[in-house]
Amino acid sequence: EKLVMRPDVLWRRDSVIPSSQADQACVWIGFRSTTGAGAQMCTHESDKVIAPTIRKHGRWPDCNMLADGWPDGGGIYLDVGANIGACVLEVLLSTPATVVAFEPNPVNLFPLTSTLMKMDQSYRDRVYLFPIALGANGTEAIINTAVDNPGNSVVGTQVKDHKDQVFLPPVGIRVMRMDSLLSFSMKSRDLRIPIMKLDAQGFECNILRGMGALLREVTTIQMEMARKWLSAQPGCSEAVILDIAAKNGLRAYSKSDGKPLPQPLDLEVYDILLSRDEPQVVPLHAFSVWRAYTEVLGRAPDPKGAKDHLNFLFGGGTEPQLFEMLQ
């Protein structure tokens with residue numbers, strides 16, 4: 001194997017990981033990948049964000065680009081902050097990739113492993129799941145989970161999507177450096193990690209610091225810049241993310257149009273690609289962006305913020321009717 005993993009902390013692929021919530025149960029919905037392949041997916045009953053979108057459209061839009069142009073020979077997909085597995089499923093069903101996933105929250109591990117246990121063994125054999133958090137140092141920590149959006153699981157503190165958001169009681173988790181869990185064989189220096197998805201609700205700086213030499217083996221990182229979440233973690237900010245990336249040969253680009261981002265944007269939340277090569281990105285149509293706001297959030301809680309995002313994406317030339325929609 002080109003990639004060497006610590007077996008003592010890996011999920012064994014033979015059972016569902018129990019939730020920290022004794023009464024948690026699956027709400028099963030149909031998932032369909034960008035290539036048309038399907039699977040049954042376990043979701044949260046209380047989820048007001050991811051599950052409704054997958055139920056309506058078959059998949060989570062943020063994962064759509066992960067399978068684009070995947071190399072025929074396979075390669076390794078890293079999913080850091082796998083949540084309930086929407087992007088894991090997209091890559092499993094649409095590519096021949098080996099999936100290495102990290103998810104520390106038992107509230108999310110329960111649906112993720114329930115979904116995988118329902119799939120054919122041939123799919124499970126391609127998944128290496130670490131039920132732990134990644135960070136800059138090995139330690140013990142707590143994770144806080146929002147009731148209406150379990151994807152908002154924050155290490156060490158609470159950061160709310162909205163002022164009325166309620167959190168479950170904190171749960172203890174284990175944090176480890178990625179380079180203490182993964183390494184590449186000295187016999188083979190052609191380890192390929194075409195893409196890594198990084199979604200850790202503000203813990204991204206710590207995760208990148210803990211990757212060590214592995215960070216230089218990744219071609220592209222897809223991640224969200226969320227100012228409120230990043231600033232809630234000591235020693236982290238958008239500028240720190242860009243600095244760590246630059247020191248490891250990665251440049252920042254807009255995920256929406258592929259334009260270089262030499263410095264942080266004046267936006268609260270935006271998606272970026274950290275890449276060694278200039279990414280090939282299909283520009284979004286304005287209506288697609290508006291539809292994503294309404295379908296994912298179910299509302300436009302911050303019209304000005306949404307307007308700013310649209311102005312950034314389309315250079316201020318967005319149709320006036322879209323701004324009316326935002327009200």
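Which residue of strand 10 does Ala133 stand opposite? Ala133 faces Val175 there. The model behind this report is predicted.

## The four-stranded sheet

Ala133 belongs to an open sheet of 4 strands. Their order is 7-10-8-9. The pairing is mixed. Strands of a sheet pair through backbone hydrogen bonds, either parallel or antiparallel. Strand 7 and strand 10 take the parallel form. Strand 10 covers residues 171-176, and 2 bridges tie strand 7 to strand 10.

Which strands stand at the edges? They are strand 7 (133-134) and strand 9 (153-155). Each has a single partner strand, so one side of each lacks a neighbour in the sheet.

## The hairpin of strands 2 and 3

Strand 2 (27-32) and strand 3 (38-43) make a hairpin. Their pairing is antiparallel and runs over 6 bridges. One bridge links Val27 to Thr43 in strand 3.

The hairpin has 5 residues between its strands. Gly36 lies in the turn. Its phi is positive, at about 95°.

## Positive phi outside glycine

Arg13 and Gln201 also have positive phi, and neither is a glycine. For Arg13 the angle is near 65°. Arg13 sits in the loop between strand 1 (3-5) and strand 2.

For Gln201 the angle is near 50°. Gln201 occupies the loop between strand 12 (193-198) and helix 5 (204-209). Is Gln201 buried or exposed? Its relative accessibility is 11%, so Gln201 counts as buried.

## Met117 and its contacts

Met117 is part of helix 3. With 27% relative accessibility, Met117 counts as partly exposed.

What does Met117 touch beyond its neighbours within four places in sequence? Its contacts are Trp11, Arg13, Asp14, Ser15, Val16 and Arg124. Arg13, with its positive phi, is thus one of the residues in contact with Met117. Ser15 is another partner on that list. Ser15 and Met117 are 102 residues apart along the chain, yet their C-alpha atoms are separated by 6.8 Å.

## The cavity

How many cavities of 30 Å³ or more does the structure hold? There is 1. The largest cavity has a volume of about 30 Å³.

Its lining consists of Ile84, Gly85, Val88, Leu89, Leu112, Thr115 and Leu116. By class, 5 of these are nonpolar and 2 are polar. No charged residue takes part in the lining. Helix 2 (86-94) and helix 3 (106-118) each supply at least two lining residues. Helix 3 gives the most, with 3 residues. Helix 3 also carries Met117.

## The second largest pocket

The second largest pocket has a volume of about 230 Å³. Which residues line the second largest pocket? They are Gln21, Asp23, Gln24, Ala25, His44, Glu45, Ser46, Val107, Ala146, Val147, Pro150 and Leu168.

This lining divides into 6 nonpolar, 4 polar and 2 charged residues. Unlike the lining of the cavity, which has no charged residues, the pocket lining includes charged ones.

Notes
Residues are numbered from 1 along each chain as its sequence is written. This is a predicted model: local features need pLDDT of at least 70, side-chain atom pairs count only at pLDDT 80 or more; totals for chains, interfaces and linings use all residues. Side-chain values use heavy atoms; hydrogens and water are left out. On a 1 Å grid over the protein atoms alone, a cavity is a set of points where a 1.4 Å probe fits but cannot get out, and a pocket is an open set with protein on both sides within 12 Å along at least five of seven lines; lining residues have an atom within 4 Å of a point. Grid points are joined across faces, edges and corners, and a volume is the space filled by probe spheres set on the points. Ala, Val, Leu, Ile, Met, Phe, Trp, Tyr, Cys and Pro count as nonpolar, Asp, Glu, Lys and Arg as charged, and the others, Gly among them, as polar. Two strands pair if DSSP finds at least two bridges between them. Buried means under 20% relative accessible area, exposed over 50%, partly exposed in between (1.4 Å probe, protein chains only). Contact means heavy atoms within 4.5 Å.
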